[in-house]
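Take a moment to turn the model around on your screen. Below is a friendly walk through some of its features, beginning with a question.

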Amino acid sequence: MKVRVQNILLFIILERLVIMQIHILASGSTGNCILLQMGATRLLVDAGISTRRIEKGLAELGIKTGELDGILVTHEHSDHVKGLPLLAKKYDIPVYTRGATWEMLPGREKIPDQCFKMIGQSFSVGQIDIEAFAISHDAADPVGFCFYYRRKKWVVATDLGKVTPEVVQALSYADVAVLESNHDINMLKNGSYPAFLKQRILGQRGHLSNLEAAQLLCTIPRQERMKVFLAHLSQQNNHPAVAERTVASLLKANGCKLGQDVTILSTYPDSRASLVF
């Protein structure tokens, strides 16, 4: 009986020590990289900044780069894979992505073949169960990711040209979401970008605006307390305060209590945004 009680107490202590954390190391058109840890499993989502920046960012969190369990790649654009070839080769880290994305990766020839792990719709890495869902973007086979661990659901959904049923399903009842809020429509339309680039961003395989992100959050079924990082903000056509104001205004107009029902968090191209549970 004494041993059984001790084991129960040890289990309770370990349960309380379980680490769940997410750190947006960089987010925006100049580079994207997310670290998430659920239990003992540590993953990067995208590696769109230099290996040196990733190493430094992880070191500041007390994490050795070689301790990563994998790198998940959403798509092959440079702002999501810039540091991937060197990072994967240097530390022999598994790279989880679609086959078509792997084939289109810049610098793929530098990554050891054994690093490539082709993904389907569902797979697991360590203690985390993962679902990949299709997104609308001008890339070979772009995806977002849902992460499941101990009845918690975290979602990464950026580079969305439009809101699809797959995106709605993925974000429904998420506890934490990293959601694209790329541009303010008026800033983009009145800005200095050439017409073809404006059209690309506004197109159905481009990027989600602040207003579209807000509308999406208003329509999905939510957990009682949802935390949302507004991500992939354009440095020329958006600003954290503008994105937060747009999303907050629409949520409040739809009866959402900010800071209670939904907590909005900003992300940045050159500094970290974090949540630790």
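Which residues does Met226 touch, leaving out those up to four places away in sequence? Keep in mind that this is a predicted model. With that exclusion, the contacts of Met226 are Leu171, Ala174, Asp175, Ala177, Leu217, Ile220, Asp261, Val262 and Thr263.

**The nonpolar cores**

Met226 belongs to the largest nonpolar core, which has 29 residues. Together with Phe133, Leu171, Leu179 and Leu217, Met226 touches the most other members of that core. Several elements each supply at least two residues to this core, among them helix 6 (165–171), strand 11 (176–180), helix 9 (210–219) and strand 12 (226–231). A second core, separate from this one, has 28 residues, including Ile34, Trp154, Val176 and Ala273.

**Two helices that meet**

Next, find helix 2 (residues 51–60) and helix 4 (residues 84–91), whose axes come within 8 Å and cross at roughly 60°. The two helices are therefore oblique to each other. On the helix 2 side, Thr51, Ile54 and Glu55 take part in the contact, and they meet Leu86, Leu87, Lys90 and Tyr91 of helix 4. Sorted by class, this contact has 4 nonpolar, 1 polar and 2 charged residues.

Lys110 sits in the loop between helix 5 (99–104) and strand 6 (116–118). Not counting residues up to four places away in sequence, Lys110 touches Pro85 and Lys89. Lys110 and Thr51 are 59 residues apart in sequence, while their C-alpha atoms are 14 Å apart in space.

**A buried arginine**

Arg42 is part of strand 3 (residues 41–45). Is Arg42 buried or exposed? Arg42 is buried, because its relative accessible area is 18%, and buried means under 20%. The side chain of Arg42 makes a polar contact with that of Glu67, at 2.8 Å. Beyond residues up to four places away in sequence, Arg42 touches residues including Leu35, Ile63, Leu68 and Gly70.

**Two positive phi values**

Most residues other than glycine have a negative phi. Asp46 is not a glycine, yet its phi is positive, and Asp92 also has a positive value.

| Residue | Phi | Loop | Relative accessibility |
|---|---|---|---|
| Asp46 | about 70° | between strand 3 and helix 2 | 3%, buried |
| Asp92 | near 55° | between helix 4 and strand 5 (95–97) | 45%, partly exposed |

Key
Residues numbered from 1 in each chain as written. Predicted model: local features only at pLDDT ≥ 70, side-chain atom pairs only at ≥ 80, totals over all residues. Heavy atoms only, no water. Helix = DSSP H or I, 4+ residues; strand = E, 2+ residues; numbered from the N terminus. Contact = heavy atoms within 4.5 Å. Axes fitted to C-alpha atoms, helices over the stretch in contact; angles between N-to-C directions. Parallel < 35°, antiparallel > 145°, perpendicular 65-115°, else oblique. Nonpolar A, V, L, I, M, F, W, Y, C, P; charged D, E, K, R; others polar. Buried < 20%, exposed > 50% of the residue type's maximum accessible area, 1.4 Å probe, protein only. Polar contact = N/O pair within 3.5 Å; in protein donor to acceptor, adjacent residues only side chain to side chain. Core = buried A, V, L, I, M, F, W, Y, C linked by side-chain atoms within 4.5 Å.
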